[in-house]
Each structure stands twice: as C-alpha cells, then as structure tokens.
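Me: I should like to learn how to read the features of a protein model, one at a time. May we work through an example together?

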Amino acid sequence: LNCGFGSDDTPENVARNREIALQHLGVGEGDLVTTYQVHSATAVRVSEPWQREQSPEADAMASDRTGVVLGILTADCAPVLFADSTARVVGAAHAGWRGARAGVLEACLEEMRGLGADLSNISAAVGPCIAQNSYEVGPEFRENFMAESPDNEKFFAAAARANYFMFDLTGYVEN
C-alpha cells in the first residue's frame, strides 16, 4: 500500500493506494497534506491543505485545523505522531537518523506550541521503522553520535562484523 509518489511505483498505483488509505480513514484526498520530505529539521504549520505539487520541503507538520489530515511517508525512518487533545493541535514528523539528530521532532513540537499546544499535554506515538537488529552501521556513524553525547552509547549494540554496530533508531527517536 505504497502511498509515496517519490517511489518507483507508477503514479496511478500510488494514487489508488492513497485512495484506499483515505477511504479507510473516512477522509477525502483534498484533506490529506504531505510534504516533500528531505531528511531535514524543518517543520511547517498547516492552516489549509495544499496541492501535492505545491508541497514544501519539510519533514514535520503541525496543525490546529479540523479536517486536515497530516501524512508522513516512511520506509526505514520513524513516523512520529503528536497530539495535544486539550488544545486540539496535532503534529506529524518523518524522523530518520538525520532528521532526528538535526532536531525535526523538536521543530515539530515548537510549531505545535506556536499553535497553542502545551508540551505537558502532548502525547506521542512512534510508528513502525527499521529495527535495531536490521540496522547495521559503520564505526564512523557511531563515532559521530558519540561525539555528540556519550549517552548515545545506549543506542548501539555490537554487530556480527568486527567494528560495526546495530543502531536503535526507535530508541534514539524516543529519547
């Protein structure tokens, strides 16, 4: 059920998949908002749906509008959904290691705060993404994270290959 127009699937198949997903949610294509995801720390506010062709380059969105459906597309990266039900503000982020490390989750929360959300009222859910036992990285990857903070050690386990590691993206995003 690939819903990403940036994939190798035909645009017709992707459009049909999006219709199926939206029907399941009970919303129309005109309500769905997605961005042109680039593994950044950029978050945008959504006040009204835009056409897919006019999607901004961003990896997170926040909205306080009823009827606007925020869509995040992922393969290995983590989709992260946020909600402040009291303020009626939602957010959605595409968080791979680059975006998460650069601050995309914090940027999404800031956009939500700008719309009236209270950080203490926000709930979050991390969706399916690459699992640690499938995410082998080289020593330079780990070194960059360790240079940022020694606390990042907890996101790495030894791999079967010498000097390689298994990275816990879910744990890093949840941190």
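**Reading the model**

Reply: We begin with a single residue: His39 has a relative accessible area of 36%, so it is partly exposed. Please keep in mind throughout that this is a predicted model.

Me: Where is His39 found, and what is the sign of its phi?

Reply: His39 belongs to the loop between strand E1 (32-33) and E2. Its phi is positive, about 60°, although His39 is not a glycine.

Me: Which residue in the loop between E5 and E6 may I set beside it?

Reply: Arg88 lies in that loop. Its phi is near 60°, again a positive value in a residue other than glycine. Arg88 has a relative accessible area of 59%, and because exposed means over 50%, it counts as exposed.

Me: Is Cys77 buried or exposed?

Reply: The cut-off for buried is under 20% relative accessible area. Cys77 has 13% relative accessibility and is therefore buried. This residue sits in the loop between strand E4 (69-70) and strand E5 (78-84).

Me: Which residues are in contact with Cys77, leaving aside its neighbours within four places in sequence?

Reply: They are His39, His94, Ala95, Gly96, Pro128, Cys129 and Leu169. The list thus includes His39, the partly exposed loop residue with which we began. As a further exercise in comparing sequence with space, take Cys77 and Leu115: they are 38 residues apart in sequence, and their C-alpha atoms are 26 Å apart.

Me: How should I read a sheet, and what is the strand order here?

Reply: In general, the strands of a sheet pair through backbone hydrogen bonds, either parallel or antiparallel. Here five strands form an open sheet in the order E2-E3-E6-E5-E7, with mixed pairing. Strand E2 (43-45) and strand E7 (123-126) are the edge strands, each pairing on one side only. On average, neighbouring strands of this sheet are turned by 15° against each other, direction ignored.

Me: Which helix packs on the sheet?

Reply: Helix H3 (residues 104-114) does so, touching E2, E3, E5 and E6. The direction of H3 makes about 165° with that of E6.

Me: In what sense does E3 pair with E2, and in what sense with E6?

Reply: E2 and E3 are parallel, paired over three bridges. Strand E3 (residues 60-63) and strand E6 (residues 89-95) run antiparallel and are joined by four bridges. Met61 illustrates both pairings: Val44 stands opposite Met61, while Ala92 is the bridge partner of Met61 in E6. For Ala60, the bridge partner in E6 is Ala93.

Me: Which residues lie on each side of E3?

Reply: Ala60 and Ala62 lie on one side, Met61 and Ser63 on the other. All of them are buried, and both faces of E3 are covered.

Me: Which residues of helix H4 are buried, and why do they line one face?

Reply: In H4 (residues 139-148), the buried residues are Phe141, Arg142 and Phe145. Seen down the helix axis, they fall within an arc of 95°, so they line one face of H4. These buried residues pack against helix H2 (97-102), strand E8 (136-137), strand E9 (156-158), strand E10 (165-167) and helix H5 (169-174).

Definitions and conventions. Residues are numbered from 1 along each chain as its sequence is written. This is a predicted model: local features need pLDDT of at least 70, side-chain atom pairs count only at pLDDT 80 or more; totals for chains, interfaces and linings use all residues. Side-chain values use heavy atoms; hydrogens and water are left out. Buried means under 20% relative accessible area, exposed over 50%, partly exposed in between (1.4 Å probe, protein chains only). Helices (H or I, at least four residues) and strands (E, at least two) are DSSP runs, numbered from the N terminus. The arc is that of the directions from the helix axis to the C-beta atoms. Contact means heavy atoms within 4.5 Å. Two strands pair if DSSP finds at least two bridges between them. Axes are lines fitted to C-alpha atoms, for helices over the stretch in contact, and angles run from 0 to 180 degrees between N-to-C directions.
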